[in-house]
Amino acid sequence: MQLGVQGVWGIVPAHLNEIAPDAARGLIPGLAYQLGILFAAPTNNIEYALRDWVGYQWALAGFEIATIVALAVIVLLGREARGKVFTRPAT
């Protein structure tokens, strides 16, 4: 679980900041952070509703498994930009 938390709150925003165009460098990580909060907001209510059906442990584990699977799918289907240069050419 810590690996997922550290990736979401530490590595992903730094990576988004590095790949963002200069004009939107501060916007993209902040926007992604806020959208993440928006989509994660109903998690407690859903887990609370699921705990009566499958139990509290399985409700928590189900969300963690779904998160890991979604992350794996995104990583596997993602496009890699090989050879991308992040510095400006010298003039």
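Start by selecting helix H3 (residues 43-54) and helix H4 (residues 56-77), which pack with their axes 7 Å apart at an angle of about 135°. The model in the viewer is predicted. H3 and H4 are oblique to each other, because an angle of this kind lies outside the ranges for roughly parallel (under 35 degrees), roughly perpendicular (65 to 115) and roughly antiparallel (over 145). Turn the view to look at the crossing: H3 passes H4 in a right-handed one.

Stay on helix H3, which covers residues 43-54, and select Arg 51 and Asp 52. What joins these two residues? Arg 51 forms a salt bridge with Asp 52. The closest N and O atoms of the pair are 3.8 Å apart, and a salt bridge needs such atoms within 4 Å. The structure holds one salt bridge, so no second one needs to be looked for. Are the two partners buried or exposed? Arg 51 is partly exposed, at 32% relative accessibility. Asp 52, with a relative accessible area of 55%, is exposed, because the cut-off for that word is over 50%.

Next, select helix H2, residues 27-40. Show the side chains of Leu 27, Ile 28, Leu 31, Leu 35, Leu 38 and Phe 39. What do they make at the surface? They form a nonpolar patch of about 600 Å².

Pick two members of this patch in turn. Leu 38 lies in helix H2 and counts as exposed, with 55% relative accessibility. Ile 28 is also in helix H2, but Ile 28 is partly exposed, its relative accessible area being 30%.

Keep Ile 28 selected and add Asn 17. How far apart are the C-alpha atoms of Ile 28 and Asn 17? The separation is 6.9 Å, for two residues that stand 11 residues apart along the chain.

Now clear the selection and show the whole protein as a cartoon. How many helices and strands are there? The protein has four helices and zero strands. Followed from the N terminus, its elements run α-α-α-α.

Finish with the surface of the whole protein. About 8,000 Å² is exposed, and carbon and sulfur atoms supply 68% of that area. Of the 91 residues, 7% count as buried, a word that here stands for under 20% relative accessible area.

Note on methods: Residues are numbered from 1 along each chain as its sequence is written. This is a predicted model: local features need pLDDT of at least 70, side-chain atom pairs count only at pLDDT 80 or more; totals for chains, interfaces and linings use all residues. Side-chain values use heavy atoms; hydrogens and water are left out. Buried means under 20% relative accessible area, exposed over 50%, partly exposed in between (1.4 Å probe, protein chains only). Patches are made of residues with over 30% relative accessible area and no salt bridge: like charges are joined within 9 Å, nonpolar side chains (Val, Leu, Ile, Met, Phe, Trp, Tyr) within 5 Å. Accessible areas come from the Shrake-Rupley method with a 1.4 Å probe; for residues, only the protein chains shown count as cover. Helices (H or I, at least four residues) and strands (E, at least two) are DSSP runs, numbered from the N terminus. Axes are lines fitted to C-alpha atoms, for helices over the stretch in contact, and angles run from 0 to 180 degrees between N-to-C directions. A crossing is left-handed if the near helix is turned anticlockwise from the far one by less than a right angle, and right-handed if clockwise.
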